[in-house]
Number of protein chains: 2
Amino acid sequence: MSERSQHLPFDLRSLEIFLAVCEAGTMAAAASALDMTQPAVSLSIAEIERKTGSLLFDRRVRPLALTLAGGLMRQRASALLAEARQIGPLLRETKRGRVPSIRVGVVDSLSRALISPLTKFLASRAGEVSVLSGLTATHAGELLTRRLDVFLGVDDLEELPGLERWELMREPYVLLLPRHAGAIQSLSDLKKLSKSLPLIRFSARSQTGLEVERHIRRLGLDIPRTFEFDSPYGVSALVAAGEGFAITTPLCVYEAQVSSKRIILSKLPGPQISRKLSMVARHRELGQIPRDLAEVARTALRATAIDGLKIGL
Amino acid sequence: MSERSQHLPFDLRSLEIFLAVCEAGTMAAAASALDMTQPAVSLSIAEIERKTGSLLFDRRVRPLALTLAGGLMRQRASALLAEARQIGPLLRETKRGRVPSIRVGVVDSLSRALISPLTKFLASRAGEVSVLSGLTATHAGELLTRRLDVFLGVDDLEELPGLERWELMREPYVLLLPRHAGAIQSLSDLKKLSKSLPLIRFSARSQTGLEVERHIRRLGLDIPRTFEFDSPYGVSALVAAGEGFAITTPLCVYEAQVSSKRIILSKLPGPQISRKLSMVARHRELGQIPRDLAEVARTALRATAIDGLKIGL
DNA sequence: AGTATATATAAGTTCTAGTTATACTTACCC
DNA sequence: GGGTAAGTATAACTAGAACTTATATATACT
């Protein structure tokens with residue numbers, strides 16, 4: 001009961017009545033427009049005034065004049081009702097399996113491979129489609145704060161509850177070398193290479209960068225930090241320019257679209273590592289859409305990976 | 001009764017309950033958070049679902065999962081409630097004679113004279129102040145569609161009901177000539193002038209332009225249409241450049257701020273005409289504010305008109 | 001001032017949102 | 001797989017909000 005006091009000083013019905021009075025100019029006219037009696041309208045207005053503690057109309061004049069507070073209430077109330085009235089029809093849309101708007105985050109290294117097929121699919125399931133590129137870590141935060149509905153990236157946020165996850169594919173980390181570099185067969189070849197050419201790195205802000213770094217330490221390589229990039233294009237472009245070599249993945253290379261004449265992909269010597277690409281959405285909020293979306297993404301990634309092979313792995 | 005059917009399928013209270021369930025994950029938990037019983041929550045949710053015709057939760061799983069429609073409802077409902085909760089506090093602001101936001105239109109030719117004093121005054125009466133410049137005709141439309149609260153211009157919209165009007169001042173139309181032109185004493189001097197120099201006009205979209213045009217016809221002058229401008233600056237600048245002469249007003253000239261070395265203001269020969277500057281607001285919606293605002297505007301215009309005289313009238 | 005038109009108040013009625021009590025589901029655990 | 005704990009739905013009831021009719025009071029117009 002004590003809770004009730006902090007409640008809203010009006011409900012949508014009373015706002016409808018208030019607006020009807022604003023339009024009609026008198027309570028009596030509003031009452032007949034709303035098909036109710038004049039005292040009901042009078043009481044409803046009086047109730048809002050009592051609960052808000054503000055007079056909305058100046059009763060000393062006829063037709064009624066809005067007070068300062070009343071004018072403000074009119075602006076706000078009409079906006080509020082307009083939005084409220086949209087909701088019902090929007091809900092009905094979802095019954096055809098369509099959602100009014102959907103926002104998807106795609107990690108930079110997949111955007112070239114996925115943006116077009118995802119958008120095409122989503123257009124059939126949503127009225128408004130936003131596809132945002134960026135880092136997985138950023139997207140994870142945005143998913144949790146509801147600025148994104150789904151993201152596709154390299155972290156499945158295993159530790160967080162309330163999410164649904166789909167594995168899209170795994171891809172191996174590989175060596176990306178300038179065409180002129182010799183073949184790298186063994187770990188000692190790699191160590192030698194790292195003396196003559198710098199390692200072009202993914203920044204530690206990216207999940208991929210962190211994994212590469214961890215692996216380098218595991219291999220016992222101690223390579224100074226010279227170049228680092230947030231984006232797959234930066235890494236591949238520098239390798240293509242002969243400025244260094246990189247540890248990356250086929251899809252990252254595909255993403256960058258650098259000329260395949262200037263680069264070679266080769267197997268990483270020593271223990272193999274791979275990265276897992278996942279899709280993450282809030283638990284059961286989008287019905288069938290995530291499941292279908294994951295399938296579309298898998299198909300697109302498989303197709304791209306096959307193309308990616310042509311680069312020369 | 002038949003009316004009731006087209007009503008909104010929820011009210012603000014039921015949205016609060018719905019959101020509490022979304023956050024709590026179960027109806028029972030939401031009920032205790034809201035300090036009510038579980039069946040009440042269950043019934044409230046069921047009622048929204050019945051009225052919207054959309055299932056919001058998937059009951060076959062626990063904790064409850066949002067359906068497609070439920071996810072959408074969650075987004076919309078939380079936005080709607082956030083706005084609704086702002087209204088109460090905003091209304092309270094108005095009790096100190098302050099209004100949360102006010103939007104004022106000022107006709108271009110007064111903006112230099114008025115913008116600073118009006119803004120200063122409004123800052124004491126509103127939390128958010130917008131002052132927009134433009135043509136009176138545009139502002140009139142915006143006033144009626146509630147995108148403006150007040151405007152100051154050259155039309156008092158006499159024919160429209162539901163508005164309050166304040167006269168700010170009258171100012172005479174005058175001749176604006178390049179410094180090198182000879183004195184114009186009589187109508188025949190003016191006719192002669194119009195053979196050698198073009199008339200720089202206000203566009204017919206502006207109220208001032210229409211009045212000037214009407215007066216020219218009344219004087220029997222037939223002057224070809226060469227230059228026309230929406231803004232006072234355009235007109236004055238061309239006169240200052242020696243490209244023509246104009247029929248304008250002191251405040252329009254002041255507005256343009258062209259060098260007084262290049263221009264002369266002189267009395268219009270023949271019958272005198274003047275323009276009336278008015279302020280218009282929707283009837284009794286802003287309390288005392290319009291009355292005070294009009295006084296501020298009058299003071300500012302008088303001060304400017306005296307300065308304006310120094311230009312050389 | 002008198003009349004017509006609005007608004008406020010009073011008293012009674014209906015209907016809704018809440019209650020308690022209980023039956024039914026789902027999830028989980030041995 | 002059956003038993004148990006936790007959650008949800010349904011039924012029957014109640015308090016109070018939202019309306020109603022009836023009537024008193026205030027404002028505007030002539």
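At what angle do helix α1 and helix α4 of chain B pack, and how far apart are their axes? I looked this up first, in a predicted model where local features need pLDDT of at least 70 and side-chain atom pairs count only at pLDDT 80 or more, while totals for chains, interfaces and linings use all residues. Residues are numbered from 1 along each chain as its sequence is written, and chains are lettered from A and ligands numbered from 1 in the order in which they are written.

**Entry 1: α1 and α4 of chain B**

I find α1 (residues 12-24) and α4 (residues 68-93) of chain B packed at about 125 degrees, axes 10 Å apart. My axes are lines fitted to C-alpha atoms, for helices over the stretch in contact, and angles run from 0 to 180 degrees between N-to-C directions. Helices (H or I, at least four residues) and strands (E, at least two) are DSSP runs, numbered from the N terminus. The pair α1(B) and α4(B) is therefore oblique; I call angles under 35 degrees roughly parallel, over 145 roughly antiparallel, 65 to 115 roughly perpendicular and the rest oblique. The crossing of α1(B) and α4(B) is left-handed, meaning that the near helix is turned anticlockwise from the far one by less than a right angle (clockwise would be right-handed).

On the α1(B) side I noted B:L12, B:L15, B:E16, B:F18, B:L19 and B:C22 in the contact, and on the α4(B) side residues including B:M73, B:R74 and B:A77. Contact here puts C-beta atoms, placed from the backbone, within 7 Å. I sorted the contact residues of α1(B) with α4(B) into 10 nonpolar, one polar and two charged. Ala, Val, Leu, Ile, Met, Phe, Trp, Tyr, Cys and Pro count as nonpolar, Asp, Glu, Lys and Arg as charged, and the others, Gly among them, as polar.

**Entry 2: α1 and α3 of chain B**

Next I checked α1(B) against α3(B): about 110 degrees, with axes 10 Å apart. That makes the two roughly perpendicular. α1(B) passes α3(B) in a left-handed crossing. B:S14, B:I17, B:F18 and B:V21 of α1(B) meet B:V41, B:S44, B:I45, B:E47 and B:I48 of α3(B).

**Entry 3: chain A**

I ran α1(A) and α4(A) too, and got about 125 degrees with axes 10 Å apart. They are therefore oblique to each other, and α1(A) passes α4(A) in a left-handed crossing.

**Entry 4: where the chains touch**

Chain A gives 39 residues to the contact and chain B gives 39. On the chain A side, α1 (12-24), β2 (65-66), α4 (68-93) and β3 (99-107) each supply at least two. The largest share there, 16 residues, comes from α4(A). By class I have 17 nonpolar, 10 polar and 12 charged on that side of chain A.

**Entry 5: the DNA strands**

Around DNA strand C I get 22 residues, the closest being A:M27, A:P39, B:T37, B:P39 and B:A40. Near means a C-beta atom, placed from the backbone, within 6 Å of the molecule or strand. α2 (27-33) and α3 (38-52) of chain A, with α3 (38-52) of chain B, each give two or more residues to this surface. I count 11 nonpolar, five polar and six charged residues near strand C.

DNA strand D has 25 residues around it, with A:T37, A:A40, A:R62, B:M27 and B:P39 coming nearest. Here α3 of chain A, plus α2 (27-33) and α3 of chain B, each supply at least two. The classes near strand D come to 12 nonpolar, five polar and eight charged.

Note on methods
Two residues are in contact if their C-beta atoms, placed from the backbone, lie within 7 Å.
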